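Hi,

Here is the structure I said I would pass on. Have a look at it first, and then read my notes underneath.

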Amino acid sequence: MSAPPDSLDPVRAELLRAARADADVLLERARADADSVLREARATADAVLAQARELGAADAAAGAARERVHAAQDAWAAQLAARGEVYDALRDAVRAGVRRALARDPAARSAVTAAARAALGPRARVTATVAGGVTAESPGRRVDLSADALADRALERLGVRAETLWEPS
């Protein structure tokens, strides 16, 4: 024996079919939304990554530029220090040469003394210096014709031509 047919069976079947259809639509919409959210998240992640790469590249470029500037400054400082050492060595050699010349040549010593008297007059008090050459004084005036002062003046007259010492030949 079978149970008598229920008159609500068709209604239940229609409600179940409609519910399944609604569920399928909702499931499809949820999948589409999930795909959309995932695409947006990936796009956002790609944009953030690209921006991070750009910022990293910019930071790296700025860092590299700073390093190049520091390297150039260090090289320039080293070059200036080397030039200073060469100039100091030249000055020392010129001073020593003038001292030797004044020590060996009585005519050079006489010429320096005569130059001091010519600059300050015959009454100037002329004093020989230990390293060679003379200093002279008269009231309110003084002249230094020591070996070191004469050498320094000669180098000063060389002026910017001293730069040729650093240039390649």
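Below is what I found, going from the helices to the core, then the salt bridges, and finally a few distances.

Before anything else, please keep in mind that this is a predicted model.

**Where two helices meet**

Start with helix H1, which covers residues 9–104, and helix H2, which covers residues 106–120. Their axes come within 5 Å and cross at roughly 100°. An angle of 65 to 115 degrees counts as roughly perpendicular, and H1 and H2 are therefore roughly perpendicular to each other. On the H1 side, the contact is made by Ala101, Leu102, Ala103 and Arg104. On the H2 side, the residues are Pro106, Ala108, Arg109 and Val112. If you sort the contact by class, you get six nonpolar residues, two charged ones and no polar ones.

**The core**

Which residues make up the largest nonpolar core? There are eleven of them: Leu102, Ala108, Val112, Ala116, Leu120, Ala124, Val134, Ala136, Val143, Leu145 and Ala147. H2 gives the most to this core, with four residues. At least two residues each come from H2, strand S2 (133–138) and strand S3 (141–146). Leu102, Ala108 and Val112 may look familiar: they belong to this core and also take part in the contact of H1 with H2. As background, nonpolar side chains tend to be buried together in soluble globular proteins.

Ala124, one of the core residues, has some other contacts you can check on screen. Leaving aside its neighbours within four places in sequence, Ala124 touches Arg117, Glu137 and Ser138.

**Salt bridges**

How many salt bridges does a search of the whole structure find? The search gives nine. The general idea will be familiar: side chains of opposite charge can pair when their charged atoms come close. Here are three you can pick out by eye.

- Asp6 pairs with Arg12, and their closest N and O atoms are 3.1 Å apart. Asp6 is partly exposed, at 33% relative accessible area, and Arg12 also counts as partly exposed, at 45%. This pair does not stand by itself, since Asp6, Asp9 and Arg12 are linked in a network of salt bridges.
- Arg31 pairs with Glu28, with 3.9 Å between the closest N and O atoms. The cut-off for a salt bridge is 4 Å. Arg31 and Glu28 are three residues apart in helix H1, so about one helical turn separates them. Arg31 is partly exposed, with 47% relative accessibility.
- Asp88 pairs with Arg91, the closest N and O atoms being 3.4 Å apart. Both residues lie in helix H1, three residues apart, or about one turn of the helix. Asp88 is partly exposed, at 34% relative accessible area, and Arg91 counts as partly exposed too, at 24%.

**A few distances**

I also noted three pairs of residues for getting your bearings; the distances run from C-alpha to C-alpha.

Thr44 lies in helix H1 and is partly exposed, with a relative accessible area of 47%. How far apart in space are Thr44 and Thr135? The distance is 84 Å, for 91 residues in sequence.

Asp74 is in helix H1 as well. Is Asp74 exposed or buried? With 54% relative accessibility, Asp74 counts as exposed, because the cut-off for exposed is over 50%. Between Asp74 and Val143 there are 41 Å in space, and the two are 69 residues apart in sequence. Val143 is one of the core residues listed above.

Thr164 sits in the segment after helix H3 (147–158). Thr164 is partly exposed, with a relative accessible area of 49%. Thr164 and Thr127 are 37 residues apart in sequence and 37 Å apart in space.

If you want a place to begin, try Leu102, Ala108 and Val112, where the H1 and H2 contact and the core can be viewed together.

Cheers

Definitions and conventions:
Residues numbered from 1 in each chain as written. Predicted model: local features only at pLDDT ≥ 70, side-chain atom pairs only at ≥ 80, totals over all residues. Heavy atoms only, no water. Axes fitted to C-alpha atoms, helices over the stretch in contact; angles between N-to-C directions. Parallel < 35°, antiparallel > 145°, perpendicular 65-115°, else oblique. Contact = heavy atoms within 4.5 Å. Nonpolar A, V, L, I, M, F, W, Y, C, P; charged D, E, K, R; others polar. Salt bridge = Lys/Arg side-chain N within 4 Å of Asp/Glu carboxyl O. Buried < 20%, exposed > 50% of the residue type's maximum accessible area, 1.4 Å probe, protein only. Core = buried A, V, L, I, M, F, W, Y, C linked by side-chain atoms within 4.5 Å.
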